[in-house]
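Please find below a short note on the model shown here. The points concern its helices and salt bridges.

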Amino acid sequence: MSDVFAKDLSRRVVTRIAPAELPLFDQTWDALGGGNRARSHREPLGFGLPGVDEMLVTAIVSGVVTTVLMDVGKDVGSWTGRLIGRLRRRPKELTEGPPPLPPARLTEIRKVAYRKARRMGMSEAQADALADAVVSELARKPS
């Protein structure tokens with residue numbers, strides 16, 4: 001999946017579950033390498049950002065979204081092939097997300113998101129909220 005889509009999805013999830021972090025979203029995203037690294041263990045997530053002393057939800061969302069999109073990518077190989085084929089003609093399509101996913105697949109994706117959030121140190125309630133937000137955003141129709 002494209003970095004543009006991953007960042008957009010992450011921003012929408014952060015807007016739902018941690019709107020107070022939005023002013024630092026871009027700075028946090030960039031400090032984490034644009035969401036390209038999925039964290040698999042607990043570590044300080046606020047380093048390098050001014051005034052941040054605790055774990056940032058944005059950092060966890062970045063790791064969860066990266067993991068979820070890698071998982072979704074397994075299903076959408078043909079979608080990715082079509083997208084790459086279109087890039088020569090219309091590069092703006094890089095921002096598109098995956099095609100609509102069936103409810104059963106969204107349930108599986110929710111489990112992936114929840115497990116990843118828990119492994120990254122979120123409480124059960126926070127992980128539930130994050131997983132619900134990820135699935136909700138993936139299920140919504142593009143605007």
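**Note on helices and salt bridges**

1. Helix α6 (helices being DSSP runs of H or I with at least four residues, numbered from the N terminus) covers residues 124-139, 16 residues in total. Its C-alpha span of 22 Å, first to last, is close to the expected 22 Å, taken as 1.5 Å times one less than the number of residues.

2. This is a predicted model, in which local features need pLDDT of at least 70 and side-chain atom pairs count only at pLDDT 80 or more, while totals for chains, interfaces and linings use all residues. Residues are numbered from 1 along each chain as its sequence is written, and side-chain values use heavy atoms, without hydrogens or water.

3. Among the buried residues of α6 are Leu130, Val134 and Glu137; buried means under 20% relative accessible area, exposed over 50%, and partly exposed in between (1.4 Å probe, protein chains only).

4. Glutamate 137 forms a salt bridge with arginine 16, their closest N and O atoms lying 2.6 Å apart. The criterion is a side-chain nitrogen of Lys or Arg within 4 Å of a carboxyl oxygen of Asp or Glu. This pair links distant parts of the chain, glutamate 137 being in helix α6 and arginine 16 in helix α1, 121 residues apart. Glutamate 137 is buried at 7% relative accessible area, whereas arginine 16 is partly exposed at 46%.

5. Aspartate 26 and lysine 7 also form a salt bridge, with 3.2 Å between the closest N and O atoms. Aspartate 26 belongs to helix α2 and lysine 7 to helix α1, so the pair ties together parts 19 residues apart in sequence.

Notes. Helices (H or I, at least four residues) and strands (E, at least two) are DSSP runs, numbered from the N terminus.
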